[in-house]
Amino acid sequence: MAEGINNHYKTPHTLGLDRLAAVTGANYLYPQQNNLVIDGGTCITYDFIDAGANYFGGSISPGLNMRYKALNYYTAVLPVVNQDKNFADDAGDDTETAIKSGVQNGIKHELMGFIDSYAKHSPQLNIILTGGDGIFFDTLLKNSIFAPYIKNEPYLVLKGLNAATQKHND
């Protein structure tokens, strides 16, 4: 169990330590607040910790690069396409831009859907972006209604580990 976290995850032995460290970091940086941690890496994880430091779990979905690679791997002819930080079209006009639109807009709508769902149940929700794609996600969300509540914490997992270590050593 992480220090200061009430872990209600049904199978704590299967909970990734990175996810636990991220919510510990969120609770440390923004105590007594509702925090939604979105960690963009190989997978995208969504983990919520409430103002009472209660953690019940979250969601895991394929990350940005995994989605691009999967389209190539699981189809006969779709090419491998890389993310385009400047791509902002709703629809592609060729295969490459159609893939970019599907992957990047799909993630944008996924992010906004999760944020909207948690925001409806948790007022004054902090949205904490972390992980290798955290800055990219921030760019996707910069014009959204959630922009004022978004916080970039690229080292959130390390801050969570540090907070747990400091608490343990006190």
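**Group meeting: a walk through a predicted model**

A53 sits in the loop that links β3 (43-49) to β4 (54-62). Hi everyone, I'd like to open with that residue, and I should say straight away that we are looking at a predicted model. What is the phi of A53? It comes out near 65°, a positive value, and the residue is not a glycine. For background, most residues other than glycine have a negative phi. A53 is also buried, with a relative accessible area of 9%.

There is another residue to put beside it. Q32 has a positive phi of about 55°, and again it is not a glycine. You'll find Q32 in the loop between α1 (17-29) and β2 (34-40). Is Q32 buried or exposed? Its relative accessibility is 69%, so Q32 counts as exposed. If you are checking backbone torsions, then, we have A53, which is buried, and Q32, which is exposed.

Now let's move on to the helices, starting with α2. Which residues of α2 are buried? They are L64, R67 and Y68. Looking down the axis of α2, these buried residues fall within an arc of 100°, so they line one face of the helix. Turn to the other side of α2 and you meet K69 and Y73, which are exposed. The general picture behind this is a familiar one: an α-helix has 3.6 residues a turn, so residues three or four places apart point the same way.

One name on that buried face deserves a closer look, and that is R67. You might ask what its side chain meets. The partner is E110, and the two side chains form a salt bridge, with N to O at 2.7 Å. R67 belongs to helix α2 and E110 to helix α3, so this pair ties together parts that are 43 residues apart in sequence. How accessible are the two partners? R67 is buried at a relative accessible area of 18%, and E110 is buried at 18% too. The cut-off for buried is under 20%, in case you'd like to judge those values for yourselves.

How many salt bridges does a search of the whole structure find? The answer is five, and I'll show you two others. One of them joins K120 and D116, whose closest N and O atoms are 3.4 Å apart. Both residues lie in helix α3, four residues apart, which is about one turn of the helix. Here K120 is exposed, with a relative accessible area of 64%, while D116 is partly exposed at 31%.

The other is between K159 and E153, with 2.9 Å between the closest N and O atoms. K159 counts as partly exposed at 34% relative accessibility, whereas E153 counts as buried at 10%. As a general reminder, side chains of opposite charge can pair when their charged atoms come close.

Let's go out to the surface now. Which residues form a negative surface patch? They are D89, D90, D93 and D94. Of this group, D93 is found in the loop between α2 (64-73) and α3 (95-121), and it counts as exposed at 73% relative accessibility. D90 gives us a link to helix α3 as well: its C-alpha atom is 8.5 Å from that of G102, and the two residues are twelve apart along the chain. G102 itself is found in helix α3 and counts as partly exposed, at 47% relative accessibility.

There is a nonpolar patch on the surface too, formed by Y155, L158 and L161. How much accessible area do they have together? About 350 Å². L161 lies in helix α5 (residues 156-169), and it is partly exposed, with a relative accessible area of 46%.

My last stop is I145. Where is I145 found? It is in the loop between α4 (134-141) and β6 (150-152). I145 is exposed, with a relative accessible area of 66%. Its C-alpha atom and that of I5 are separated by 29 Å, and along the chain those two are 140 residues apart.

If you take away one thing, let it be the R67 and E110 salt bridge, which ties helix α2 to helix α3. Thanks for listening, everyone!

Conventions
Residues numbered from 1 in each chain as written. Predicted model: local features only at pLDDT ≥ 70, side-chain atom pairs only at ≥ 80, totals over all residues. Heavy atoms only, no water. Patch = residues over 30% accessible without salt bridge, like charges linked within 9 Å, V, L, I, M, F, W, Y side chains within 5 Å. Areas by Shrake-Rupley, 256 points an atom, 1.4 Å probe, with all protein chains shown as cover. Salt bridge = Lys/Arg side-chain N within 4 Å of Asp/Glu carboxyl O. Lys, Arg positive; Asp, Glu negative; His and termini not counted. Charge placed at Lys NZ, Arg CZ, Asp CG, Glu CD. Helix = DSSP H or I, 4+ residues; strand = E, 2+ residues; numbered from the N terminus. Buried < 20%, exposed > 50% of the residue type's maximum accessible area, 1.4 Å probe, protein only. Arc of directions from axis to C-beta.
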